[in-house]
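Work through the exercises below with the model open. Try each task before reading its solution.

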Amino acid sequence: MAYRQGLGWRLLTAVSEKVDHRVGWDRLPVPPALAVLVGLRTTLRRRNLVDTTTLPSTGGPTAPTAPADRLTRRMADGSWNDLSSPGMGMAGTRFGRNIPLERIPPATATDVLGSPSPREVSRRLMTRHELQAAEAANSLAAAWLQFMIHDWFSHGRSPTENPWVIDLAENDDWPDNPMTILRTPDDPTRPPGSTSPQTRVNVLTHWWDGSQVYGDSLAETDARRSRVGGRLRVNDDGSLPWPTEPERDPTRVPGFWAGLAVLVTLFTHEHNAIADRLASAFPSWADEELFQRARLVNSALLAKIHTVEWTPAVISHPATVVGLRANWYGLAGERLHRLFGRLSASEVISGIPGTHADHYDVPFSLTEDFVAVYRMHPLLRDDWTLRRTADDSEVRACTFRDLTGPHALEVLDEVGMTDLLYSFGTQPPGLVTLHNYPRFMQEFERPDGRLQDLAATDILRSRELGVPRYNEFRRLMHLLPRQSFEELTENPTWAREISDVYGGDIEKVDLLVGMYAERRPRGFVFSDTAFRIFVLMASRRLNSDRFFTDAYTADVYTRPGMDWIAESSMRTVLLRHHPQLLPAIADVPNAFAAWQPTSTGRSRVQTP
């Protein structure tokens, strides 16, 4: 049966689109805004979930033999989440799309490298001159996003041969002319010579399964386990035994920094606390049972924190705060959910966890378009002040470069977990907007020694991966295209700059540029256009996952496990392992909002 095709639903979707076009959902009072968002999500679920597994393929990864404990275990490779389709969402399977396959633009050299050059877009529209801060949030929110991305998606390591070659302008001071950017790896399952739309594979699992904590393969998971009491390996001083072998050393992977290291460490300790609680409740259970159940609980807690805390912190419009929390608790709210459990089978009334799994007639996968809107590097600061939790005194001033690669673990060892968390919590991130790209990332030295302009790379990647340009993307997301540069942005200087860079052609504007330039809804750190993918995919990742739907029960998670998820938040996790943070977050309802400095001599939010 087609999804929500009744007369009432068809009327709601039609009215929602008209109201959104004429007024904007974010300009409405909360109740009608929520109704419009439900209508928009219904349209997106009907029309913007596109299956790439139907395209020609030489065959992808196959699920292993069904393990005996598959009902209570997340497989390291992502198999057996959907019991009727055990290969769905496995590592090595294709990204899906949120746009029709016939509308995927070609990735020819002309399309990828010109109209205009990605490097020119970076230099003229992305460069940060001073931090434009998101005052209401904190930099733990920036670290959290990357922590999540390390669980969600990766295209894998790029081949070094045949890079994209970008000719530079005469006044460009980049040390090498031409600039080279490595290509995204090809889809190994696409038949040679195929004329079907380009596809790529996700080398991670598509499921929300905590792989950034547990590893993205069975071998890596085994290496992180202590094999005692279901626990993960931790050194006597509380630090993690980070691997040093070249092929496993995380500091050699581009993107590793202190914020990621801190959160991996924090949720490794959270896993062990959960395992200890389960061991106390079930003393006869062996290590394997304790580990698998603790992983289920920890992964669900990560998803809950992202759904009801992180996302409302960075898109804190009153309607989205209610709507996102309703994804977990339903419109009945947390209080009634805690008292009475589910009041209805409806996800709208009682939330998604505990409902029946639903793929909306399209096999579950993350999408290339989801990847594109998560390119949010402007969240990261260039300049950091690391401070002591005890008295807010300065430990050291540093740049982002000092917090990356091998330096990350040096800083973690020198400053310590508690003070790093405090430092992140009391400094704002950047807004996701033009002229706010971290300077360090425009001249980023990778662990392999290659120099990379990540802003130029972000622009190039969307073109290379077949993500439409801004206006076309809006059309495909059922939004009105911009008719002029003045309509695109409220900033007249930006309108002139964008027009100059794109030769006066509004249709050539890249998705990232348009999203960074447009007006943001009240309380948003990023754009409304990007939000359309969130409206669709934030709930889909819960709806499709057996462990958040049919298997979200005490039989699978255990009653102590279910209670742990219900009673925990990012704030309780922080205080469980770092109680010294209490003075900074005692009066902060959301751990991703600005913390209170422990010294009264400094304002609540440290501005640049």
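**Exercise 1.** Is His 435 buried or exposed?

*Solution.* The model is predicted. Start with the cut-off: buried means under 20% relative accessible area. His 435 has 11% relative accessibility, so His 435 counts as buried. Next, locate the residue. His 435 sits in the loop between α15 (417–425) and α16 (439–442). Finally, check the backbone. The phi of His 435 is positive, about 55°, although the residue is not a glycine.

**Exercise 2.** Find another non-glycine residue with positive phi, and place it.

*Solution.* Take Asn 162. Its phi is near 55°. Asn 162 belongs to the loop between α5 (139–152) and β1.

**Exercise 3.** Locate the cis peptide bonds that precede Pro 116 and Pro 178.

*Solution.* Begin with Ser 115 to Pro 116: this bond is cis, with omega near -10°. Pro 116 lies in the loop between α3 (109–113) and α4. Move on to Asn 177 and Pro 178. Their bond is cis too, with omega about 5°. Pro 178 is in the loop between β1 (164–166) and β2 (179–181).

**Exercise 4.** Explain why helix α4 counts as largely enclosed.

*Solution.* Count the buried residues. In α4 (residues 118–126), 7 of the 9 residues are buried, so the helix is largely enclosed by the rest of the structure. Among them are Pro 118, Val 121 and Met 126. Now look at the N-terminal end. Ser 117 caps it: a side-chain oxygen lies 3.1 Å from the backbone nitrogen of Arg 119.

**Exercise 5.** Trace the surroundings of Trp 564.

*Solution.* First, the element: Trp 564 is in helix α24 (residues 559–567). Second, the exposure: Trp 564 counts as buried because its relative accessibility is 13%. Third, the contacts: leaving out residues up to four places away in sequence, Trp 564 touches Glu 270, Ala 273, Ile 274, Arg 277, Val 297, Leu 301 and Arg 576. Fourth, the sequence separation: Asn 298 is 266 residues from Trp 564, yet their C-alpha atoms are 9.1 Å apart.

**Exercise 6.** Which residues have the most contacts inside the largest nonpolar core?

*Solution.* The core has 160 residues, and Trp 144, Tyr 557 and Met 570 have the most contacts inside it. Helix α9 (residues 287–314) gives the most to this core, with 14 residues. Then inspect Met 570. Its contacts include Leu 140, Trp 144, Phe 267 and Phe 592. A second, separate core has 9 residues, including Val 112 and Leu 460.

Technical notes:
Residues numbered from 1 in each chain as written. Predicted model: local features only at pLDDT ≥ 70, side-chain atom pairs only at ≥ 80, totals over all residues. Heavy atoms only, no water. Helix = DSSP H or I, 4+ residues; strand = E, 2+ residues; numbered from the N terminus. Buried < 20%, exposed > 50% of the residue type's maximum accessible area, 1.4 Å probe, protein only. Contact = heavy atoms within 4.5 Å. Polar contact = N/O pair within 3.5 Å; in protein donor to acceptor, adjacent residues only side chain to side chain. Core = buried A, V, L, I, M, F, W, Y, C linked by side-chain atoms within 4.5 Å.
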